[in-house]
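Work through the two exercises below with the coordinates at hand, and read each solution only after an attempt of your own.

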Amino acid sequence: MTRKQRRSILIASGLAVLGFAAFLVLSALRESIVFFYSPSDVVQQSVKPGERFRLGGMVSEGSLKRLNGTDVEFEIGDGNRTMTVSYTGLLPDLFREGQGVVTEGKLDPSGRFIADTVLAKHDETYMPREVADSLKKQGVWRPGQAQANPAPK
């Protein structure tokens, strides 16, 4: 084998290893991607039960029900639709009705959203960008509401 042939084999095998590594990284990332939906989007996009996603919107007034221990139930709405959310755990200190919230979890077969994470706004001028954009798209946005978090520069 000549020197040129050995170098070509080495380069080709290096490219094959890099290609395989890139494939592994991309397939691992695909499994960890979590999409964001509003309640209207969940119905329109026909999200399947068991599929992990983020659900965001405004916590409906009067919808918070404290069940046994740390079990709570509340509704998230986007102006057009509402969706019932079940959560077991401690709610964030700033969680309250009428405020923007993003939850992460999955639908059960009955269409109820089972959340394992609840994120609430952190101050008076913040609303998750996805929630604000969704409310604007739905035509429910009121100019006096909290402003969306500015994108980092």
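Two strands pair if DSSP finds at least two bridges between them, and strands are DSSP runs (E, at least two residues) numbered from the N terminus. The model is a predicted one, in which local features need pLDDT of at least 70 and side-chain atom pairs count only at pLDDT 80 or more, while totals for chains, interfaces and linings use all residues. Residues are numbered from 1 along each chain as its sequence is written, and side-chain values use heavy atoms, with hydrogens and water left out.

**Exercise 1.** Determine in which sense β2 and β6 pair, and over how many bridges; then follow β6 to strand β7.

*Solution.* Begin with β2 and β6, whose pairing is antiparallel and runs over seven bridges; within it, methionine 58 stands opposite glycine 100 of β6. Next, β6 also pairs with β7 (residues 113–120), again in the antiparallel sense and over seven bridges, and here threonine 103 has valine 118 in β7 as its bridge partner. Finally, five residues lie between the strands in the hairpin of β6 and β7, where glycine 111 takes a positive phi near 95°.

**Exercise 2.** Establish where serine 63 lies, and whether serine 63 is buried or exposed.

*Solution.* First, locate serine 63 in the loop between β2 (52–59) and β3 (65–66). Its relative accessible area is 9%, so serine 63 is buried, a term that means under 20% relative accessible area with a 1.4 Å probe and protein chains only. Then examine the side chain of serine 63, which reaches the backbone nitrogen of glutamate 75 at 3.1 Å.

Methods. Helices (H or I, at least four residues) and strands (E, at least two) are DSSP runs, numbered from the N terminus. Buried means under 20% relative accessible area, exposed over 50%, partly exposed in between (1.4 Å probe, protein chains only). A polar contact is a pair of N or O atoms within 3.5 Å; within protein, one must be able to donate a hydrogen and the other to accept it, and residues adjacent in sequence count only if both atoms are side-chain atoms.
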